[in-house]
Amino acid sequence: MGFTIASLWQAPAVNPINRKSNILAQYGPLNDPTIEKAKSIPILNPFNVYGRVFFFSWWGFFVAFWSWYSFPPLLTETIKTDLNLSQAEVANSNILALAAALIVRLVAGFACDRYGARWTFAAILLLGAIPTALAGTVKTHNGLVVLRFFVGILGGSFIPCQVWTTGFFDKSVVGTANAMAAGLGNAGSGVTYFLMPAIFDSLVQRQGLTEHKAWRVAFVVPFILITVTAIGMILTCPDTPTGKWSSRNRDVQRHLDMRDTFFSTNTVGNGQGNASSIDSGNDTVELNSTKRHGHFTDAQAQEDDLLTAASWELVEKPTVKGSLEALCTLPTLTLLVVYFCSFGTELCINSILGAYYARNFPTLGQTGSGSWAAMFGLLNAVFRPAGGILGDLVYRYTKSLWGKKILLHSLGILLGVFMILIGVDDPRSKSMMFGLMTGMAFFDEASNGACFALVPHVRPTSNGRSSSVPARSHC
């Protein structure tokens, strides 16, 4: 079924993998709740559980990015002058802000697989809100570096954002869901270039604060939003489509036991069952299958479908051996390199773009250069989802992951072409500069979206850890 406008607010259809044939209808619904994933994205319906989780996924990431990148728009002039910073000291603070995200993103992947994405997400937001509120206490270069390091905790919010949406949306739309959540969230890095100078200007011009006080007070705004968002996702959202993270395995085993009872009476042919299992926490879930000889029945086909779906959704309990296997596979390491090139580029550009525009176009000033720099981040709201949507379309029509792989690498090559053009030309014409930056933004941000349209396929039973490797590569 294709896209319809109504799907933006209607309750989504749930993955009906256990209701594909009349054979299952004879027994009754065998819905494994862990695979009750939405096949559309109700973006405009926060009253629906899937729409609500999607909202908090992108909005939580949005406010986290807003705070994470709230310093660069004011560092160009105001903070740099107030703290008497050199350009090298400004650059050092930018590096430390990224370094914290490296650590947190790795830890967040393990935490998502162990405790669930919702609690990991809320914990990161609340931990990052504390240094955000303390921004006004900074008085020296060393204080700025230390504070920005701890604010960088918020950069780790990307991992639970992606893992949470992966857990709620079917693999036929997971690329779009992940890319849209990340794209809208990434737009926070652009919005902050608008909002922080605007809040600062308002405090100076309308409230009569000095510049020394105004930039410090401005950080109260993202602190309030981050805190409210974290509390909201704790109080209003579930961990999984079935509810609590801790009970997901018992639900899986109960429904697989129902499946065993049904298929034992409908399987035709000689043979005996074998079993594999996945240790996914407090319980070990047994995935039994029948060794079939002779005629292959519809019931057996349904059994294989259900086992495939269950094995896709179960999350392994983090262990040293399992984690090494998840983190060191060739597909995971390949995506690490790809994301290092794409999102690493974006973070570097976000950190220096305002200053770059101010250098090439001095008449823009702090607010003007910040506004134009904001455009690069804001384009995430369109370009990053485009990468995920293209990935899903290619996968739908090719039925192969090679389609997603070719798309991803093609976007990366074209990104490199635009980077070379900008570096060689160093435009002094606004139309040329902003045109080339828009082209580069498309291929950069679409690459990010296409990358995380592929990640959920790599190792579904270790999705948090698999996501954390490419997601921290840029740091």
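Trp-372 sits in helix H17, which covers residues 365–378. The model is predicted. With a relative accessible area of 36%, Trp-372 is partly exposed. Tyr-357 lies 15 residues away from Trp-372 in sequence. In space, their C-alpha atoms are 7.9 Å apart.

**Helix packing**

Helix H16 spans residues 330–360, and helix H20 spans residues 430–458. The two pack with their axes 10 Å apart. The angle between them is about 155 degrees. Angles over 145 degrees count as roughly antiparallel. H16 and H20 are therefore roughly antiparallel to each other. The crossing of H16 past H20 is left-handed.

**Salt bridges**

The count of salt bridges comes to 5. Three of these pairs are listed here.

| Pair | Closest N to O distance |
|---|---|
| Asp-239 and Arg-118 | 2.8 Å |
| Asp-426 and Arg-428 | 3.2 Å |
| Lys-404 and Asp-392 | 3.8 Å |

Take the bridge between Asp-239 and Arg-118. This pair links distant parts of the chain, 121 residues apart. Asp-239 is in the loop between H12 and helix H13 (248–263). Arg-118 belongs to helix H6, residues 117–133. Are these partners buried or exposed? Asp-239 has 8% relative accessibility and counts as buried. Arg-118 has 9% and is buried too. The cut-off for buried is under 20%.

Next comes the bridge between Lys-404 and Asp-392. Lys-404 lies in helix H19 (residues 401–425) and Asp-392 in helix H18 (residues 380–398), so the bridge ties together parts that are 12 residues apart in sequence. Lys-404 is buried, at 2% relative accessible area. Asp-392 is buried as well, at 3%.

The third pair joins Asp-426 to Arg-428. Here Arg-428 is exposed, with a relative accessible area of 52%. Asp-426 has 22% relative accessibility and counts as partly exposed. Which residues make up the salt-bridge network around Asp-426? Arg-359, Asp-426 and Arg-428 are linked in it.

**Positive phi in two loops**

Asp-426 has a second feature. Its phi is positive, at about 45 degrees, although Asp-426 is not a glycine. Asp-426 is in the loop between H19 and H20. The backbone value and the salt bridge to Arg-428 thus meet at one residue, which is partly exposed at 22% relative accessibility.

Lys-399 also has a positive phi, near 60 degrees, and is likewise a residue other than glycine. Where is Lys-399 found? The answer is the loop between H18 and H19. Lys-399 is exposed, because its relative accessible area of 67% is over the 50% cut-off.

**A nonpolar surface patch**

Four residues form a nonpolar patch on the surface: Val-217, Val-220, Ile-224 and Val-228. Together they have about 310 Å² of accessible area. Which helix gives the most to the patch? Helix H12, residues 220–236, does so with 3 residues. Ile-224 is found in H12. At 46% relative accessibility, Ile-224 counts as partly exposed. Patch members need over 30% relative accessible area, so Ile-224 at 46% passes that cut-off.

Technical notes: Residues numbered from 1 in each chain as written. Predicted model: local features only at pLDDT ≥ 70, side-chain atom pairs only at ≥ 80, totals over all residues. Heavy atoms only, no water. Patch = residues over 30% accessible without salt bridge, like charges linked within 9 Å, V, L, I, M, F, W, Y side chains within 5 Å. Areas by Shrake-Rupley, 256 points an atom, 1.4 Å probe, with all protein chains shown as cover. Salt bridge = Lys/Arg side-chain N within 4 Å of Asp/Glu carboxyl O. Helix = DSSP H or I, 4+ residues; strand = E, 2+ residues; numbered from the N terminus. Buried < 20%, exposed > 50% of the residue type's maximum accessible area, 1.4 Å probe, protein only. Axes fitted to C-alpha atoms, helices over the stretch in contact; angles between N-to-C directions. Parallel < 35°, antiparallel > 145°, perpendicular 65-115°, else oblique. Left-handed = near helix turned anticlockwise from the far one by under 90°.
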